[in-house]
Amino acid sequence: MAIYKSPHKLDSLTEEDYRQVQPAIDSADVFARMITPCVYVADLARDNFLYVSDCLLKHFRCTRDEVMPLGYRMFEKYFVKEADVRLLRKLDAAIHAAYLQEHSDLADEVFSVDASMSLGRSEVMVHYKISVLATDCDGSPWLLLGMVSRSAMRTGGHIIVGNAKSHERHRFVDDDGPGHWEAMPHDHLSDLELEMLSLSSRGYSVGEIARMLHRSPDTVRYYRKQVFARLGVDNVAHALAVADELCLI
């Protein structure tokens, strides 16, 4: 989805700007009906939500009228650990102050983070994926499209940004200052292993993948075991979840 760039700054957006992005918000609603994760559109200019899916309201047991004015503040009351709250606040500052000064290709970049949250009587690890939907005239993020789902990770943090075109990935490092981004290695999985995972995510069987890649089924199974070992998992579903959260596929 192309990023809309407003001709105005965040503190001087107009109603016309909001009319221009309404089709993208309508598309988010259609998108939310087709997937399992919860979906939202956060407005950083007005510090609220412009859209939340029914799934999000159900999981967090809140009403639309309650959550729409809160924006990201809504999530903070569900965080189990103060460290996660602090880290996410530092991440927001780092995106604006550190990362965006060095990178400008926001249309292809997806941010992801894991945090421990309290849902009812249960404590669960939740995975966020965030992409910039609109910016102001200076390129600062204005609208964010986000998804929330159960995490495959066992601990919080793991803040990563991945570029869909270049496949470059950066990890957010929480240091004594505002934090910084460092490049992640490109050779975590080979091109063949990534292609196999991508085909698996689309529902192809071992035999089908073998025919498509011109390999034997035994070779596909061998590489699959290699992927499991590198990702620390023991089945395809878990491998796909971890690879997705690491922005590998």
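The expected span of a helix is taken as 1.5 Å times one less than its number of residues. The close-ups below show a predicted model.

**View 1. Span and bend of helix 1, residues 15-32.** The 18 residues of helix 1 cover 25 Å from the first C-alpha to the last, close to the expected 26 Å. At Val-21 helix 1 bends by about 40°. A proline, Pro-23, follows within four residues of that bend.

**View 2. The buried residues of helix 1.** Buried positions in helix 1 are Asp-17, Tyr-18, Val-21, Ile-25, Ala-28 and Ala-32. Val-21, one of these buried residues, is also where helix 1 bends. The buried residues of helix 1 pack against strand 1 (4-5), strand 2 (38-43) and strand 3 (48-52), as well as strand 5 (122-135) and strand 6 (141-150).

**View 3. Surroundings of Asn-48 in strand 3.** Asn-48 has a relative accessible area of 18% and therefore counts as buried, the cut-off being under 20%. Beyond its neighbours within four places in sequence, Asn-48 contacts Val-41, Ala-42 and Asp-43, and also Met-68, Pro-69, Leu-70 and Gly-71.

**View 4. Surroundings of Ser-116 in strand 4, residues 109-119.** Ser-116 is buried, with a relative accessible area of 2%. Its side chain is joined to that of Glu-123 by a polar contact of 2.9 Å. Not counting residues up to four places away in sequence, Ser-116 touches Glu-123, Val-124 and Met-125, together with Tyr-78, Phe-79, Val-80, Lys-81 and Asp-84.

Key
Residues are numbered from 1 along each chain as its sequence is written. This is a predicted model: local features need pLDDT of at least 70, side-chain atom pairs count only at pLDDT 80 or more; totals for chains, interfaces and linings use all residues. Side-chain values use heavy atoms; hydrogens and water are left out. Helices (H or I, at least four residues) and strands (E, at least two) are DSSP runs, numbered from the N terminus. Buried means under 20% relative accessible area, exposed over 50%, partly exposed in between (1.4 Å probe, protein chains only). A polar contact is a pair of N or O atoms within 3.5 Å; within protein, one must be able to donate a hydrogen and the other to accept it, and residues adjacent in sequence count only if both atoms are side-chain atoms. Contact means heavy atoms within 4.5 Å. The bend at a residue is the angle between axes fitted to the seven residues ending there and the seven starting there.
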